[in-house]
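Cavities and cysteines can be read straight from a model. Here is a short tutorial on how to do it.

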Amino acid sequence: MKLSLFYLSVLTLLSFNTFAQSNQITDLKCEYLTNPIGIDATSPRFVWQLKDGRLGAIQSAYQIFIGTDSLEVKNGKGNVWQTAKINSSKNLIAYEGKALQPFTKYYWEVHLWDKDGKTINSSIASFETGMMGMQNWKGTWISDDNNIHTKPAAYYRKTFQPKKQIKSARAYIAVAGLYELYINGKKIGNHRLDPMYTRFDRRNLYVSYDITNQLQNGRNAIGVILGNGWYNFQSKGVWDYERAPWRARPTFCMDIRVTYTDGSVETISSDKSWKTVTGPIVFNSIYTGEHYDARLEKAGWDLPDYDDSKWEGITNRQAPSANIVSQAMQPIRNVEKIAAKSMNKINDSTYVFDLGRNIAGVSQITLNGDSNTVVRLIHAERLYKNGYPDQSNIDYFLDSLTWKSDPYGTDIYKLSGKGEETFMPHFNYKGFQYVEVKSNKAISLTKESLVGYFMHSDVAPVGSINSSSDLINKIWAATNASYLSNLQGYPTDCPQREKNGWTGDAQIACETGMYNFDSITLYEKWLADHRDEQQPNGVLPAIIPTDGWGYEWANGPDWTSTIAIIPWNVYLFYGDSKILSDNYNNIKRYVDHINYLYPTGLTTWGLGDWAPVKSTTPVELTSSVYYYTDVNILAKTAKLLGKNDDFEAYSALAKKIKDAINAKYLNTQTGIYADGHQTEQAVPLYWGIVPDNLKNKVAANLADSVAANKFHLDMGILGAKAILGALSDNGQAQTAYRLASQDTAPSWGWWIVNGATTLYENWNINAARDISLNHIMFGEIGAWMYKGLAGIRIDENHPGFKNVILSPNFVAGLDHFEAKHTGPNGEIVSSWKREGKSVVYDVIIPANSTASITFPQDGGKKVYENGKLLNISGQYKITSGTYEFEIK
């Protein structure tokens, strides 16, 4: 009996410890960043997650404490803001306390009450405000005395000596162009290509650093290198960046704010006391490459004792815009180092390296040679049959007259001759798999001499796919690789050729992005770019940001619906309506302009189904559907924000557009839109144009069209966005899967079979042009895997996965499929596998969420939970927790 009591007490203790460990508050973020500095938001947002694996786990109440004293906050006192105990499961709270002060560190803690009323306290988190207004800058915008045609990059330096004992120090730097910051011989931070690209004459970003540990009590040296970026575009292409209205020699403004132990503050700023000179970066282009002459290096230039007596004075410059705001987002980094998979030595001066996969980023080479050695690093996505890099798929948008001095995708490095040297470009990135290293002299290289760095906005992964199909797994991985390759502070089309923020590509891929990556900060920044670019009448350009190109072509609603579609999807994924509120008037102006131009409800404005296989779809059909989508989003947003008059007006307009589309293009007898091509059927079905009573008929016709084409695609990018969801949402999941898993041309699988590790720009892999090998515009398939196979969907009435819609499809051809997605409340798992004639379906719903499951019950199959038959009529409701079902 005593032994039994002993084991019982041990089990009780273990159970208690497990409970204590599993019940915790995690992922505390301010403005969706972890312990950020440089926050300018006057009402920052706070989010957290409750980790509690018990069935029905929920946050029943919360209380938040914010103050400037961490000990007081830990003791439950917030001298800046402290809520009462609020009975709510909300875990997204906007600040409502005293006015936040600039340059101030705030601490915050949240207390939660679980489903049993027990209290859980979080750890202490922090955020630190930045400038919080233009009036708080002390520095002057400075540059050298050169003009836009000067090729070498400028180096800047200043020394200073702290007057007292340092307690803390922050650097705030705003740049028109690109920069790297150095203090006492060390590069500050691991960001690449800062600041992020904006419309420079309308908004500039500054970056904040904690440099307390980099400063010393004696003399200190500050160094800055400026690169051109998109600000001073010195290459020449078809997008007119060399004629940008903002173009000028790069410039910067910086404040270093030193707080001493006695509480006093000293600010060291950019001013006339700085010195400048050009250095070894003799040319840099964000578009083509970087040229570096190591013989011109200035050893120790960023150290205190360097002799800068021969350096020149600086020039004061006007600020590029009157809107300098914090870069509060995930930065670009060298996220992954990739060793070369192989090296082909063609001769003593020519080597070709293969990374084994296509990436966006840079190469880094380590080598020896004398000071007269010049090495070219030529980057490409493919090779000619003779083993040399083939750039013919991407180089046609660059002015061929500049190729000799500014070769495409090429870095040029002149060795110093001082022993082993390592070079990686500072202010450029490329899209590539292969690198030809070509020297004017014999050099000796090994496979280890060159590595690649995958560069992209460093957004955290929040999703994963794993299935019994190697092809499906590879398509998912390739889709993610293309999404990340085209996430460079804004979403782009391709990393090797244009690097433009094409709106059409981004609206197509945004769900894929948010199922897989925590990308809200990037989208919020990009929608601010939209607001900067929008004309007073509501018109948006096709590429954002832009120098002015794209207002006259390619910018109809099928592309620039980004202004509505992306904010709506951010709201659905995160449950955060701020982005809708921020952009409401912009969406409204955009919609009103289309309504003014096309009062019938039908619009021909747009590019249409770009890059189709063979069939074409009327632009009026696809553009009108996107116009309807924008108006429908606007109406729903108006209702959400309490704008009832707008809700009624735009609901009526949406109905008018839908009716006009169906009146012209839908044959109600046959269920055929237009000529019945794949895009013509899929786009109205996916975007909600089809009348409810005809959805099954239209979907059946679409499935028949796919079958008639031997389960191959016949569409462009708008059709590819719609077709898989249009099928699987309307009873045709098996057809959708056969299309998605097809491995002969044209298909996603055909690319993979032919060695693709990213998605392509063209279904025809032998196309003469428009054949970038790293495009995201066909990327909706990544989101479809979560929605159409795992069935993880958003409940529009409970956004942010507060209630998860689960509607898996157990398609033939797969024995197992698992998807995981971490939403605002935690990780959601939807996993199914075949066991004999049964399917076992495992589900995990995080604390603070519920789910509504629709089980596939074809052929009269029944659903069991833990061996117990469930009597299901419609959706099956569950609370948070872990579940296992069997369908047999």
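The dialogue below takes the cavities and then the cysteines of this predicted model.

Q: How many cavities of 30 Å³ or more does a search of the whole structure find?
A: The search finds five.

Q: How much space lies in the largest cavity, and what lines it?
A: The space is about 130 Å³. The lining has 14 residues. Nearest the centre lie Leu178, Leu193, Tyr197, Trp230 and Ile286.

Q: How does that lining of the largest cavity split by class?
A: Count nonpolar, polar and charged residues. Here there are 11 nonpolar and three polar residues, and no charged ones.

Q: What about the second largest cavity: what is its volume, and which classes line it?
A: The volume is about 70 Å³. Six lining residues are nonpolar, two are polar and four are charged. Glu180, Lys187, Arg192 and Asp194 are among the lining residues, as are His191 and His426.

Q: Which strands each supply at least two residues of that second lining?
A: Strand S13 (178-183) and strand S15 (191-192) do. S13 gives the largest share, three residues.

Q: Now the cysteines. How many disulfides does the search find?
A: A disulfide needs two cysteine sulfurs within 2.5 Å. The search of the whole structure finds zero.

Q: Why is Cys510 not bonded to the closest cysteine sulfur?
A: Check the distance. The closest sulfur, in Cys494, is 19 Å away, so it is too far for a bond.

Q: Is Cys510 buried or exposed?
A: Buried means under 20% relative accessible area. Cys510 is at 1%, so it counts as buried. Cys30 is buried too, with a relative accessible area of 1%.

Note on methods: Residues numbered from 1 in each chain as written. Predicted model: local features only at pLDDT ≥ 70, side-chain atom pairs only at ≥ 80, totals over all residues. Heavy atoms only, no water. 1 Å grid on protein atoms, 1.4 Å probe; cavity = no way out; pocket = protein on both sides within 12 Å on 5 of 7 lines; lining within 4 Å. Points joined across faces, edges and corners; volume = space filled by probe spheres on them. Nonpolar A, V, L, I, M, F, W, Y, C, P; charged D, E, K, R; others polar. Helix = DSSP H or I, 4+ residues; strand = E, 2+ residues; numbered from the N terminus. Buried < 20%, exposed > 50% of the residue type's maximum accessible area, 1.4 Å probe, protein only.
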